[in-house]
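Q: I've got a new model open and I'd like to talk it through. Can we start with one residue and work outwards?

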Amino acid sequence: MTTRLVRSVVGLAMVSAVVSILIFRLNSPLAAVFELSVCAGLISVIFVTTISFTQRLTPEKLELRRKQRFDKYSYLPVVLLAVGILLMIFKPNPDFPLPPVPKEQDARNIIWHLRHVDLLGQILVILAGVFGVVILFKEPRK
Amino acid sequence: MSLEGAHIFWVFNIFIILLSVMGAYYIIATFNLIRSLIGLELLIKAVTLLIVLAGYLTGNEGLAQALVITLIVIEVVIMVVAGGIVVSVYRNNRTLDTRRLKELKG
């Protein structure tokens, strides 16, 4: 169960990476960077932490997995080496011809000047999340 | 909408519909709380892509990016709190299967 859940999380991170490429293609680089770093990175970490809190392996299973791990992924260095050699041979040069964004459409200008109330909302949401987590993990009084 | 705009709209829309169906199916079909969260995440990704696409087609990329950044912040907070709730449910019931969570039954 744990392995399948971790695979689901890795799949979600991959979907997130693909979505961030699509967002970049739609001329929104700042949102793409946020999507890649926060959604593919941070949320995967949150999910893996939640899984490790809830689906603990027994010591016997852990030992078995440790032994199987090297056999299971023994092909990985070969694949990485082959990909590296192919990249060195072909030297891909990704060309993304995007039209320049006009200054009034710059996301930084819009966030700081037009939608600055959103920032206040974001801070309040983050604080609400922090208080929620603190209350959820509070130790009961003895 | 121009012909090129309509073409881009439908190409990206296929991906958006696919993500929405995947997320909805994940939420409906599973009994595991963590998988439900993953489905919710897929649905949020579809909405994110739809907002960016709408911004691109209407020429408001900057506004769409500002909204997406706000959406991502809210998404992270939702996931952190939901993860905390899942851990709390597991500590109290020793299971994540929604069929066995009967303590809150009215």
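Q: Which residues does I23(A) touch, not counting residues up to four places away in sequence?
A: This is a predicted model, so keep that in mind. I23(A) touches S28(A), A31(A), A32(A) and E35(A). From chain B, I23(A) touches L49(B) and V52(B).

Q: What is the largest nonpolar core, and how many residues has it?
A: The largest nonpolar core has 42 residues. I23(A) is among those with the most contacts inside it. So are A31(A), I34(B), L49(B), V52(B), V68(B) and I69(B).

Q: Which helices feed that core?
A: From chain A, α1, α2 and α5 each supply at least two residues. From chain B, α1 (3-29), α2 (33-58) and α3 (61-93) each do so too.

Q: Where does the core lie relative to the domains of chain A?
A: The core lies between domain 1 (2-99) and domain 2 (101-142), because both give residues to it.

Q: How far apart are the centres of those two domains?
A: The C-alpha centres of domain 1 and domain 2 of chain A lie 27 Å apart.

Q: Let's switch to the contact between chains. How many residues are in contact?
A: 43 residues of chain A are in contact with 39 residues of chain B.

Q: Which helices of chain A supply that side?
A: α1 (2-25), α2 (29-54), α5 (107-114) and α6 (116-136) each supply at least two residues. The largest share comes from α2(A), with 14 residues.

Q: And how do the residues on that side divide into nonpolar, polar and charged?
A: On the side of chain A that touches chain B, 28 are nonpolar, 11 are polar and four are charged.

Q: Back to α2(A). Which of its residues are buried?
A: Here is the list: L30(A), A31(A), A32(A), F34(A), E35(A), C39(A), I43(A), F47(A), T50(A), I51(A) and T54(A).

Q: What do those buried residues pack against?
A: In chain A, they pack against α1 and α5. In chain B, they pack against α2 and α3.

Q: What span should α2(A) have, and what does the model give?
A: α2(A) has 26 residues, and at 1.5 Å a residue they should span 38 Å. The end C-alpha atoms are 36 Å apart, which agrees.

Q: New topic: N109(A). Where is it, and is it buried, exposed or partly exposed?
A: N109(A) lies in helix α5 of chain A. N109(A) has 14 other C-beta atoms within 10 Å, so it is partly exposed. The cut-offs are 20 or more for buried and 12 or fewer for exposed.

Q: How far apart are N109(A) and L64(A)?
A: In sequence, N109(A) and L64(A) are 45 residues apart. In space they are 55 Å apart, C-alpha to C-alpha.

Q: How many helices and strands has chain A? And chain B?
A: Chain A has six helices and zero strands. Chain B has three helices and zero strands.

Q: What share of each chain is buried?
A: In chain A, buried residues make up 18% of the 142 residues. In chain B, they make up 36% of the 106 residues.

Q: What radius of gyration has chain B, and what would a compact globule have?
A: Chain B has a radius of gyration of 18 Å. A compact globule of 106 residues would have one near 13 Å.

Q: What does the C-alpha trace of chain B span along its principal axes?
A: The trace of chain B spans about 55 × 25 × 20 Å.

Definitions and conventions
Residues numbered from 1 in each chain as written. Chains lettered and ligands numbered in written order. Predicted model: local features only at pLDDT ≥ 70, side-chain atom pairs only at ≥ 80, totals over all residues. Contact = placed C-beta atoms within 7 Å. Helix = DSSP H or I, 4+ residues; strand = E, 2+ residues; numbered from the N terminus. Nonpolar A, V, L, I, M, F, W, Y, C, P; charged D, E, K, R; others polar. Core = buried A, V, L, I, M, F, W, Y, C linked by C-beta atoms within 7 Å. Domains from an automatic or database assignment. Expected span 1.5 Å × (residues − 1). Rg over C-alpha atoms; globule rule 2.2 N^0.38 Å.
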